[in-house]
Amino acid sequence: MVVIGGGVIGSSAAYFLKSRGASNVVVIEPDPTYSKAATPVATGGCRRLFSLPENIAMSEFSIEFYKNFAQTMMTPGYHADVQWKEGGYLFVVGAQHADALEKNFNTQRANGVAVELLDRAAIANRYPWMKTDDLAVACLSPHDGWLDPNTALQGFRKKAQSLGAQYVTDRVVGLTLSGSQVTGVQLGGGGTLSADYVVNAAGCWSGAVSKLVAMDLPVNPMRRFEHFVEIEEDLPPMPLLKDPERLVVRPEGNGYSVGLVNSDEPRGFNFDVDHTWFERVVWPALAARIPAFESLKLRREWSGLYDECDFDGNMILGNWPGRLDNFFVACGFSGHGLMHAPAVGRALSELIVDKRFETIDLSRLGYQRVLDGKPCPEVGII
Ligand SMILES: Cc1cc2nc3c(=O)[nH]c(=O)nc-3n(C[C@H](O)[C@H](O)[C@H](O)COP(=O)(O)OP(=O)(O)OC[C@H]3O[C@@H](n4cnc5c(N)ncnc54)[C@H](O)[C@@H]3O)c2cc1C
């Protein structure tokens with residue numbers, strides 16, 4: 001079987017397929033340095049704070065998986081220590097979004113997540129360094145956290161290879177179709193490979209890959225910036241904080257990793273860094289929320305692309321029912337692909353080895369909803 005794209009999703013799929021006995025797994029990845037891939041530039045956040053039970057269940061499995069990652073991914077000569085930091089996740093909202101946050105809190109509780117709801121006084125009491133005037137309520141998921149994305153990718157890749165998966169440095173440029181089966185892939189280097197199953201895990205490029213078999217995916221590249229800053233003041237340990245401005249901040253080494261998602265960002269393969277974005281947008285939001293950031297040093301900033309699902313912001317996982325039986329897409333992660341990669345890799349192995357979902361039923365996140373025009377979005381998640 002052929003996996004197109006060797007990022008964290010393709011490599012997780014390769015690992016789970018091999019560990020479940022698949023005999024011949026070939027991963028096609030044009031760039032072993034992953035210079036344009038999303039995985040190495042991710043913030044690393046892993047949270048259970050979702051509204052869809054499927055997303056909560058995927059996070060539950062994946063976070064536990066990542067906590068044991070070094071052990072599970074053990075290979076001679078590589079220690080895949082993803083440096084899991086269980087700092088917690090904190091969503092804070094104003095009155096306008098309080099009902100939605102509380103509703104999601106109830107869903108998360110009902111799905112076994114150890115979440116805590118804090119009112120404004122409790123937020124101010126627990127996080128005295130945060131401005132809370134405009135806040136109504138917060139949801140804390142204390143056992144969520146963050147990790148090193150590149151080690152997650154390398155860990156999956158090296159373990160998959162040690163189990164026999166083959167990585168080929170090339171690009172898929174064509175797919176061979178026979179009826180409802182994709183029977184092979186054509187490579188940019190001129191070669192061809194036959195395949196009994198094909199997985200499209202090409203991230204932002206998955207739309208172009210699926211187009212080769214006339215499958216339209218509502219998935220587009222969306223640029224996002226990440227900034228690393230240092231401050232002079234010593235703040236107590238803080239969770240990963242998300243606020244109503246879509247500001248994200250978490251500790252990183254001796255500083256902080258900060259981002260602010262712009263959903264209106266024009267779609268496309270634009271990797272340029274807008275060096276005014278931090279000063280114009282991110283810094284004011286950051287200093288307004290945490291005054292200790294009024295004075296800071298911006299040490300580094302970079303860009304990366306979300307594979308944004310413009311249909312409903314959720315992943316698209318599975319085949320094209322009734323049209324393409326053995327071609328499975330796994331894309332549209334919209335900023336959540338790293339945290340869900342273990343669950344997605346396992347799910348793909350189930351679809352291929354067991355012919356159906358065995359653990360978490362992810363049918364609602366399949367391509368059929370796109371064909372039916374029935375979005376399955378997260379609700380009230382900032
Ligand atoms: C700034 C930023 C912050 C983020 N923060 C988080 C976070 O905190 N938590 C989280 O869970 N997620 C986060 N994400 C999202 C996460 O990084 C992605 O969802 C995830 O990495 C997707 O993995 P992937 O393997 O699908 O894609 P990628 O890592 O992009 O890999 C896709 C691979 O496909 C290859 N490819 C492309 N075309 C072809 C072809 N024709 N043939 C063969 N191979 C091909 C590419 O070379 C690439 O290596 C963030 C993303 C960004 C940009």
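**A friendly note on the ligand site, the cores and a few residues**

1. A good place to start is the ligand, where an oxygen atom sits 2.9 Å from a polar backbone atom of G45. Please keep in mind while reading that this is a predicted model. Two further polar contacts are worth a look. T39 brings a polar side-chain atom to 2.5 Å from an oxygen atom of the ligand, and a backbone N or O atom of V172 is 3.0 Å from one of the ligand's nitrogen atoms. On its own the ligand has 1,000 Å² of accessible area, and the protein covers 97% of that.

2. Which residues of the shell come closest to the ligand? They are E29, A38, T39, G45 and M339, out of 35 residues that surround the ligand. T39 and G45 are thus among the closest, and you have just met T39 through its side chain and G45 through its backbone. Sorted by class, the shell holds 20 nonpolar, 11 polar and 4 charged residues.

3. To place this shell on the fold, look at α1, β17 (297-309) and α9, each of which supplies at least two of its residues. The element that gives the most to the shell is β17, with 4 residues.

4. Next comes the largest nonpolar core, which has 70 residues. The members that touch the most others are V25, Y66, F156, L317 and V344. Elements giving two or more residues to this core include the helices α1 (8-19), α2 (53-67), α4 (98-110), α6 (149-162) and α9 (337-354). The strands β4 (89-93), β6 (137-141) and β19 (324-331) do so too. With 9 residues, α9 gives the most to this core. As general background, nonpolar side chains in soluble globular proteins tend to be buried together.

5. L317 makes a handy entry point to this core. Beyond its sequence neighbours within four places, L317 is in contact with V329, A330, V344, A347, L348, F357, L362, L365, G366 and Y367. Another core lies apart from the largest one; its 30 residues include W129, M130, L241 and Y256.

6. M58, in helix α2, is a good example of a link across the sequence. Is M58 buried or exposed? M58 is buried, because its relative accessible area is 0%, where the cut-off is under 20%. I360 is 302 residues away from M58 in sequence, yet their C-alpha atoms are 7.5 Å apart in space. Leaving out residues up to four places away, M58 touches M315, H340, A343, V344, I360, L362 and L365.

7. N326 deserves a moment of your time. This asparagine lies in strand β19, and it counts as buried because its relative accessibility is 3%. What does the N326 side chain reach at 2.8 Å? One partner is the backbone oxygen of D196, at 2.8 Å. A polar atom of the N326 side chain is also 2.8 Å from the backbone nitrogen of V182. Setting aside residues up to four places away, N326 touches S180, Q181, V182, A195, D196, Y197 and V198, so both D196 and V182 appear in that list.

8. Two residues other than glycine have a positive phi. For A214, phi is near 60°; for K355, it is about 70°. A214 belongs to the loop between α7 (206-211) and β13 (219-230), while K355 is found in the loop between α9 and α10 (368-372). A214 is exposed, because its relative accessible area is 53%. K355 likewise counts as exposed, with a relative accessibility of 54%. The cut-off for exposed is over 50%.

9. Finally, take V213, found in the loop between α7 and β13. V213 is buried, with a relative accessible area of 6%, whereas A214 is exposed. Outside its neighbours within four places in sequence, V213 is in contact with L175, L177, V182, W320, L324 and F327. V182 is therefore worth finding on screen, because buried N326 has a polar side-chain atom 2.8 Å from its backbone nitrogen. From C46, V213 is 167 residues away in sequence and 33 Å away in space, C-alpha to C-alpha.

Terms used:
Residues are numbered from 1 along each chain as its sequence is written. This is a predicted model: local features need pLDDT of at least 70, side-chain atom pairs count only at pLDDT 80 or more; totals for chains, interfaces and linings use all residues. Side-chain values use heavy atoms; hydrogens and water are left out. A nonpolar core is a set of buried Ala, Val, Leu, Ile, Met, Phe, Trp, Tyr and Cys residues joined through side-chain atoms within 4.5 Å. Buried means under 20% relative accessible area, exposed over 50%, partly exposed in between (1.4 Å probe, protein chains only). Contact means heavy atoms within 4.5 Å. A residue is near a molecule or strand if one of its heavy atoms lies within 4 Å of it. A polar contact is a pair of N or O atoms within 3.5 Å; within protein, one must be able to donate a hydrogen and the other to accept it, and residues adjacent in sequence count only if both atoms are side-chain atoms. Accessible areas come from the Shrake-Rupley method with a 1.4 Å probe; for residues, only the protein chains shown count as cover. Ala, Val, Leu, Ile, Met, Phe, Trp, Tyr, Cys and Pro count as nonpolar, Asp, Glu, Lys and Arg as charged, and the others, Gly among them, as polar.
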